[in-house]
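Student: I have a structure to read and do not know where to begin. Please take me through the features in turn.

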Amino acid sequence: TNKGLSRQEAYEIVQKSAMKSWENNVDFKEILLKNKDLSKHLSPNELENIFKKNNTNDNISLIFKNKIK
């Protein structure tokens, strides 16, 4: 991918982060912003833009698939 992260790696980050968010009642975006593996590929600003452009998290896998190329 353009950002150096495979779809599988992105999927795993999203899934683990979503579970952590769900289990601990913590904001999903905040977990992603603190993820060291993700921060190697996306800046906080890029991640913020993903959430701004896609105001719903229903399709987060699709968002990452399209943004991390």
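Student: In what order do the elements of the protein run from the N terminus on?

Tutor: Helices (H or I, at least four residues) and strands (E, at least two) are DSSP runs, numbered from the N terminus. Here the order is α-α-α-α-α, which comes to 5 helices and 0 strands. This is a predicted model, in which local features need pLDDT of at least 70 and side-chain atom pairs count only at pLDDT 80 or more, while totals for chains, interfaces and linings use all residues. Residues are numbered from 1 along each chain as its sequence is written, and side-chain values use heavy atoms, with hydrogens and water left out.

Student: What percentage of the residues count as buried?

Tutor: Buried means under 20% relative accessible area, exposed over 50%, and partly exposed in between (1.4 Å probe, protein chains only). Of the 69 residues of the protein, 29% are buried.

Student: Which residues make up the largest nonpolar core?

Tutor: A nonpolar core is a set of buried Ala, Val, Leu, Ile, Met, Phe, Trp, Tyr and Cys residues joined through side-chain atoms within 4.5 Å. The largest one here has 11 residues: Leu5, Ala10, Ile13, Val14, Phe28, Leu32, Leu38, Leu42, Leu47, Ile50 and Phe51. Two or more of its residues come from each of α1 (7–24), α2 and α4. Phe51 also has a charge over its ring, a term that requires NZ of Lys or CZ of Arg within 6 Å of the ring centre and within 35 degrees of the ring normal. The charged end of lysine 29 is 5.8 Å from the centre of that ring.

Student: How many cavities are there of 30 Å³ or more?

Tutor: On a 1 Å grid over the protein atoms alone, a cavity is a set of points where a 1.4 Å probe fits but cannot get out, and lining residues have an atom within 4 Å of a point. Grid points are joined across faces, edges and corners, and a volume is the space filled by probe spheres set on the points. The count is 1 cavity of 30 Å³ or more, and the largest cavity has a volume of about 50 Å³. Its lining includes Leu32, Asn35, Ser39 and Pro44. At least two lining residues come from each of α2 (28–34), α3 (36–39) and α4 (44–53).

Student: Is lysine 40 buried or exposed?

Tutor: Lysine 40 is exposed, because its relative accessible area is 63%. Lysine 40 lies in the loop between α3 and α4. Its C-alpha atom is 9.1 Å from that of leucine 5, although the two are 35 residues apart along the chain.

Student: What is phi of asparagine 25?

Tutor: Most residues other than glycine have a negative phi. Phi of asparagine 25 is positive, near 50°. Asparagine 25 is in the loop between α1 and α2 and is exposed, with a relative accessible area of 73%.

Key. 1 Å grid on protein atoms, 1.4 Å probe; cavity = no way out; pocket = protein on both sides within 12 Å on 5 of 7 lines; lining within 4 Å.
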